[in-house]
Amino acid sequence: MPTQREIDEAEIRQQIDRIVEGIEAKDLKALERIYAPDVVSFDVEPPLQHVGVAAKLKNWTNVFTFFEEVSYEVRDLTLTVGGDVAFGHCFGRLSGKLANGPATDGMWVRATFCFRKADDGWLIAHDQASVPFDIASGKGVVDLKP
């Protein structure tokens, strides 16, 4: 018989799978169901923070405009699950066919998710995507691979 923590971890992993499915289907409604209404996102796209599910969905709308076909890959997902909060980190990569024609392998980012257990299940209350930067140039390093 699985423990509650094992059940919760499985549900969170399903939420991550739903993110991938929602991105690849360009389904904003599916993505909206994964985020808490008051989600705070530190994304690679300015500004420094995006507050609320509408702001997060605007980021995904920008991605969907940029890509004609999009894929999202998650690697090395690690989760720590508590009673009503959990966090995880992984590497993520958007890739696909760009709207202007060529295909791209994308770039790997470091991703962190913070979940909060609600009546609707486990929702993302905070996420962050980042790339390392070269101190000498002050520019992001986007050609690294996990």
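The largest nonpolar core of this predicted model holds 28 residues, and those touching the most other members are Ile19, Ile23, Leu31, Tyr35, Phe113, Phe115 and Ile124. Two or more residues each come from α1 (4–25), β1 (35–42), α3 (53–66), β3 (67–81), β4 (85–98), β5 (103–118) and β6 (121–130). The largest share, six residues, is given by β3. In soluble globular proteins, nonpolar side chains tend to be buried together.

Phe115 is one of the core residues named above. Beyond its neighbours within four places in sequence, Phe115 is in contact with Ile12, Gln15, Ile16, Asp84, Val85, Ala86, Trp122, Leu123, Ile124 and Ala125.

Is Asp8, a residue of helix α1, buried or exposed? Asp8 counts as buried because its relative accessibility is 2%, which is under the 20% cut-off. Not counting residues up to four places away in sequence, Asp8 touches Val81, Gly82, Gly83, Lys117 and Trp122. Trp122 is thus listed among the contacts of Asp8 and also among those of Phe115.

Strand β1 pairs with β6 and with β2, as set out below.

| Strand pair | Sense | Bridges | Residues standing opposite |
|---|---|---|---|
| β1 and β6 | parallel | four bridges | Tyr35 and Ile124 |
| β1 and β2 (residues 50–51) | antiparallel | two bridges | Val40 and Val51 |

The β1–β6 pairing involves residues of the core: Tyr35 stands opposite Ile124 in β6, and both are listed with the core residues that touch the most other members. Ile124 is also in contact with Phe115.

Definitions and conventions: Residues numbered from 1 in each chain as written. Predicted model: local features only at pLDDT ≥ 70, side-chain atom pairs only at ≥ 80, totals over all residues. Heavy atoms only, no water. Core = buried A, V, L, I, M, F, W, Y, C linked by side-chain atoms within 4.5 Å. Buried < 20%, exposed > 50% of the residue type's maximum accessible area, 1.4 Å probe, protein only. Contact = heavy atoms within 4.5 Å. Pairing = 2+ DSSP bridges.
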